[in-house]
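User: Please take a close look at one single part of the model below, wherever metal is bound, and talk me through it. Add the whole chain afterwards as background.

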Amino acid sequence: MQATAEPVVTPVVNPHAVFAKAPYSERYAKTIEVSKRVRWDIERDVIRGRNFDYTKKFLPDGLSKLNELTFITSAEHRFLSQIQGRTYANIFGLVERFIGAKVLELSRDHWLGDQVALEALVRFTDEELKHQELFRRLERMTAAGMPEGYDFKPQPNDVASAVLSKSTWAVLGLTLDIELFTQAHYRASIEPDSELSELWKDVFLFHWKEESQHAILDELEWKREDARVSIRERDQGVDDLIALVGAVDGIIQAQATSDADYFVKCADRGFTSAQEQAIHATLLKAYRWQYIFSGVQEPRFLEVLGAMITPDQGARIKAALASLEA
Ligand SMILES: [Fe+2]
Ligand SMILES: [Fe+2]
């Protein structure tokens, strides 16, 4: 067979046109196929008529970091992991409010375009609404089974309004971080640990099953947005992303303080001020790991972000993250 002649002049390529072609479209289609296959129901598949067993931990040690608190008893370790589990449900109920709204907004770009992409984003939004309901349900269950005094201050709509005021490029970066860290959390939950709540293990399992598709869609939508923005807009997006990570850190700092105070008040013994500081520091370290670093350290996140930004922008992001590890 005769080879097709190469074009003499290289045509000017519109990145949007390139993006609209396969394999991107196939990747949207693949997420629909998997989404249909793994789809689960809150009651039938996750809760299954069960209640929480308070003789078990809710969060695995790989996430809770509680092995670093050597002066607490095993009962205190268990209770602190349950407090962290309750906060986990509340944080996800919070972030999924703005993620669902942003994905619904992005779907507008596909209304009269790629109907496969539109369906993928509609399913994504629908799943995120279901996840919010799951996490509200878990909060109600834990509220009934834990002592009075737990407080979760941030309001989902206030946080969502603040996040959605930032550029789409930045919101998609934060969203990919979040949806990749659910995969890291699932991996931590399947470490052998006979003291881990079976219901919480299922929460990690079922959430991960649907979040895996969300992370693929975040990446596709972030790349689409990245191809659309100007160099100056992308640079602003980097600043916005740094600001959003700072805002997440502000929320988890306040919650680490609130949760440490709640734990100390509920304990049936006193702690020294150094021990109280250690409890607070460990909760903050755990929350920073759970809600920031377990996502940004995922190789996929680094690969996608790294392909979009300049070395200078990368250095700005690295410096901002390093300031949280101090
Ligand atoms: Fe979710
Ligand atoms: Fe998600």
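Analyst: One term up front: a residue is buried under 20% relative accessible area, exposed over 50% and partly exposed in between, using a 1.4 Å probe and protein chains only. Keep in mind that this is a predicted model, where local features need pLDDT of at least 70, side-chain atom pairs count only at pLDDT 80 or more, and totals for chains, interfaces and linings use all residues. Residues are numbered from 1 along each chain as its sequence is written, chains are lettered from A and ligands numbered from 1 in the order in which they are written, and side-chain values use heavy atoms, with hydrogens and water left out.

Now the metals. The iron ion (ligand 1) takes its protein donors from Glu 96 (OE), Glu 128 (OE), His 131 (ND1), His 207 (NE2) and Glu 211 (OE), at 1.9 to 2.3 Å. A donor here is an N, O or S atom within 2.8 Å of the metal (3.2 Å for Na, K and Ca), and since water is not among the atoms, sites may look incomplete. Along the chain, the donors of ligand 1 are spaced E-x31-E-x2-H-x75-H-x3-E.

The iron ion (ligand 2) is held by Glu 128 (OE), Glu 179 (OE), Glu 211 (OE), Glu 211 (OE) and His 214 (ND1), again 1.9 to 2.3 Å away. Its donors follow E-x50-E-x31-E-x2-H. The two iron ions sit 3.4 Å apart, with Glu 128 bridging them. If you plan to check angles, the ideal values are 109.5 degrees for four tetrahedral donors, and 90 or 180 degrees for six octahedral ones.

What about the helices behind those side chains? Helices are DSSP runs of H or I with at least four residues, strands are runs of E with at least two, and both are numbered from the N terminus. Glu 128 and His 131 are three residues apart in helix H6 (residues 115–145), about one turn of the helix. Glu 128 counts as buried because its relative accessibility is 0%, and His 131 is buried at 0% too. Over in helix H9 (residues 198–228), Glu 211 and His 214 are three residues apart, so about one helical turn separates them. Both Glu 211 and His 214 are buried.

For contrast, try Ala 278 in helix H11 (residues 273–296). Ala 278 counts as partly exposed because its relative accessibility is 25%. The C-alpha atoms of Ala 278 and Ala 215 are separated by 34 Å, although their positions lie 63 residues apart along the chain. Contact means heavy atoms within 4.5 Å; beyond its neighbours within four places in sequence, Ala 278 touches Leu 69 and Phe 71.

Two backbone oddities are worth a glance. Arg 48, not a glycine, has a positive phi of about 50 degrees, and it sits in the loop between helix H3 (42–47) and helix H4 (61–64). Lys 65, also not a glycine, has a positive phi of about 60 degrees; its place is the loop between H4 and helix H5 (74–107).

Finally, the background. The protein chain has 13 helices and zero strands. Buried residues make up 51% of its 326 residues. Among contacts between residues at least 6 apart in sequence, 87% join residues at least 24 apart. The C-alpha atoms fill a box of roughly 80 × 45 × 40 Å along the principal axes.
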